[in-house]
Every structure is written in structure tokens, then in C-alpha cells.
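Me: Please take a close look at one part of this structure for me: the largest cavity. What lines it, and what is the chain around it like?

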Amino acid sequence: MAPDLRIDLDRLMGRLRALGEIGALPGGGVKRLALSDADKAGRDLVCGWMRDLGLDLTTDCIGNVWGVRRGREDTAPVVIGSHIDTVATGGLYDGNLGVLAGLEIVETLNDAGIETRRPVAVGFFTNEEGARFAPDMMGSGVAQGALDLDDTLATVGIDGQRVGDELRRIGYAGDAPPLALKPDSFLELHVEQGPVLEREGIAIGAVTGVQGISWTEFTVTGVSNHAGTTPMAMRHDAGVVAARIALEARAIADAFGPPQVATVGAFRLEPDLVNVVPQKAVLTVDLRNTDNVRLIEAETRLRSTARKAAAEEGCTVELRSLARFDPVEFDEGLVAAIETAAAELGHGVRRMPSGAGHDAQMFAPNCPTAMVFVPSQDGLSHNINEYTAPEEIRAGVDVLFRVALARAGADILAEQDQ
């Protein structure tokens, strides 16, 4: 970028630190679960920054917020966005970087007095993480028609609270209907949340798409009995069935090979006593693959094993889908634009899929969409030690800036390249 269009990295890092103080954890992490008091405080802070930058704010019925910087034409905006909710042990960068990078781009344009042809909008979307309410990507899913509004508002979280009630409680139940946000295009900057870029010494990931995601909760019911007096052949042990399901999830990943992954993220037993055969077991399995056919095969195999294991142990098993998203491919033109921008700015770049879900995948079916990844130190994310170096952040924002300006129609780019 030309010197007069360079972002103010100190200003951006200052905003990241200020937002990170809301819900701060010992050791440097953040806990800002969706629609919590901390989330409200974070929303209030970001909305204040948006207003300070002169953006026209809109809040929709699922609590998504976006601010629009007007362009010369009253057309669909180029939207830069992500989320500001976190998991219970989150870091400073996941999601937050994508929102605050958008604000930094807007402020840099304001400082330089540059007008774009299309409007540029910055948004943050409700409950991307899914840590309190399932599924994840909830706000962007409703906003782009992938999730039903009424069902979503009725969703009950891990603490027994409903989405609709919590939106009203924190004051972010807006008036704009689903599908009110109709972008020309959607761009998202995000930390990689994995080790590839750092390991290969590459500054920029041009994300080609997001792999399919399948979350399933298994509830196994058996018979509680004395651990010392009940013969093994006469047990109906819910824990044994749950363990077989967990082992099968790993076996599927091993048998299918990359890019198939499988994770047992929650596992609990009742009555959870050392000398009692478990009566009930509840576990979750997260399956992901870039190939939807293979993902369906993995789901089918796991469910078949769960039912067989339950029958052999004299137990019952119930399955509940918590989230299911098909793999998504991003816009080839925008992916190529990210590669070009990175090369023009002297940064190494590689194409790569995203193993994690992102708001961008909800926009991809409706408008040209792409993502920029920057390295994560040691591949850490969803961890209080999550870290991306400031200069790596600058590189990512500069690439995002160039692609967004080209899409929005800023004449300054043509002048720079002459």
C-alpha cells in the first residue's frame, strides 16, 4: 500500500487489547460467551467505535450488527466482518481481528479522505462460536437464510437460557429482518487457528473454502448397578457404549485419512461414581471433511456403530444433531485476488482450506466470499495463549485492504499501480 494508505498498526492493536479487557481471564485470555453480560459490553464498545467513525448502524432480529460507510453509489456494500464472541478460554484474536481490521480500514479511508464507489460495511455476527448456544455461526446463518429465525430464537443454551430472551435482556434484539444484509461481497480476515502457515514460513493464507461440519450428541441409557456385585455378562453399561462410540470416531478418522478429522469434545457419565455402573452417558462427536460424500459416509458409519454397540450392551442410544453444514467453496476470483495482493505486497501466500467454521461460509452461497488467514503461533487458538505477531497482522490487513478497495472501486489503487 502507498505510505498515505498504510494502516495505523498501533491503533489496531490498541483496539484489540481494549476489547480483550472485556471478559479478561488470568493469563491473558478472554471469556465472552455469546449474549452474556461480557458480550453486551464488548458489543457496546465496538458499536461506539463504529459510531465514532461515522458508520450507519443496523441491528437485526438475531443481534447481528453492521455499520455502513457510504459510497458514491447507493449499491450493495462490500462487507468486512467476523465475530466478537469467544469460547470460555478464548484468545484476543479469534474473530475480533476480522471485525477490528475492518474498522481500521474504514478509519484509514476516512483519514485519507478517500471515497469508494460502493459502500463498505463492517459487521459482527451473533454466536459464531456456538460455545453457549448450538449451532455455531448462528447469527450469520439466520442473516443469510441458512437457519430459521424462530427456531434459533427458541434455542436453549448450556445454562438453560433462550437466545431470544437473552437478546432482549442485553438490548440487542434489533428490528431488521433476516436477509436484510445483502452484500456485494463478503471478506473475512482471521487467524489460521492451525500450524501450517507458521510451519511453512508463509505470511498469508488464501482460503479456498470451509470443510463440512457435523456435530452429533449421543445419549446412551443403561442400568445403574453395583460395581462389585454385578457380573460383567449381566451389565448394561452406558459408559462402555459411549467409549466404543468415542473409539470409533477416532478409527474413522484414521481409516479415512486426511482431511477427515473427528473429535469427542464432551463426555459425561451419570451417576459419575467410582463404584457404580453408569446408567447414562452423553457425548458429542465433531466430524469434519472437505468432501461431503465422505462426511456422510463417516456419519453413517459412526451412527451404525453406536446403535450396534448399544444393542450388544442391552442399552438404548438417542442421537441429536447439534449442527450440520455442507462443505463450502469460496469465490475463485476473490481467492485469486488475495493471492495477487499478497504477491504485490511481497508476502508469501498459499491456498488452503479452513478446518474451522467461519461466518464467511454462511455468506458464500449468496455473494462472492473469501477469507485471508494469518499465522497462529504454535497453531494455538481457542486458548488463552493464542497469539499472532503485530507485523503478521499488518500483512493480513494490508492484503484485506487491497482486495476490499478493489472490490469497492477505489480509484487510488489504479493510481498506485501506475
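Reply: First, the classes. Ala, Val, Leu, Ile, Met, Phe, Trp, Tyr, Cys and Pro count as nonpolar; Asp, Glu, Lys and Arg count as charged; the others, Gly among them, are polar. Note that this is a predicted model.

Now the cavity. Searching the whole structure turns up 3 cavities of 30 Å³ or more. The largest has a volume of about 40 Å³. Its lining consists of S214, W215, T216, F218, V285, L287, E299, L302 and R303. Sorted by class, that lining holds 5 nonpolar, 2 polar and 2 charged residues.

Where do these residues come from? Three elements each supply at least two of them: β7 (212–221), β11 (280–289) and α9 (292–312). β7 gives the most, with 4 residues.

Next, the chain around the cavity. Its secondary structure comes to 13 helices and 15 strands. Of its 418 residues, 55% count as buried, where buried means under 20% relative accessible area. Take contacts between residues at least 6 apart in sequence: 79% of them join residues at least 24 apart.

Then the overall dimensions. The C-alpha trace spans about 80 × 45 × 40 Å along its principal axes. The radius of gyration is 23 Å, which agrees with the value near 22 Å for a compact globule, because that is what 418 residues would give. The exposed surface is about 16,900 Å², and carbon and sulfur atoms supply 50% of it.

Technical notes. Residues numbered from 1 in each chain as written. Predicted model: local features only at pLDDT ≥ 70, side-chain atom pairs only at ≥ 80, totals over all residues. Heavy atoms only, no water. 1 Å grid on protein atoms, 1.4 Å probe; cavity = no way out; pocket = protein on both sides within 12 Å on 5 of 7 lines; lining within 4 Å. Points joined across faces, edges and corners; volume = space filled by probe spheres on them. Helix = DSSP H or I, 4+ residues; strand = E, 2+ residues; numbered from the N terminus. Rg over C-alpha atoms; globule rule 2.2 N^0.38 Å. Buried < 20%, exposed > 50% of the residue type's maximum accessible area, 1.4 Å probe, protein only. Contact = heavy atoms within 4.5 Å. Areas by Shrake-Rupley, 256 points an atom, 1.4 Å probe, with all protein chains shown as cover.
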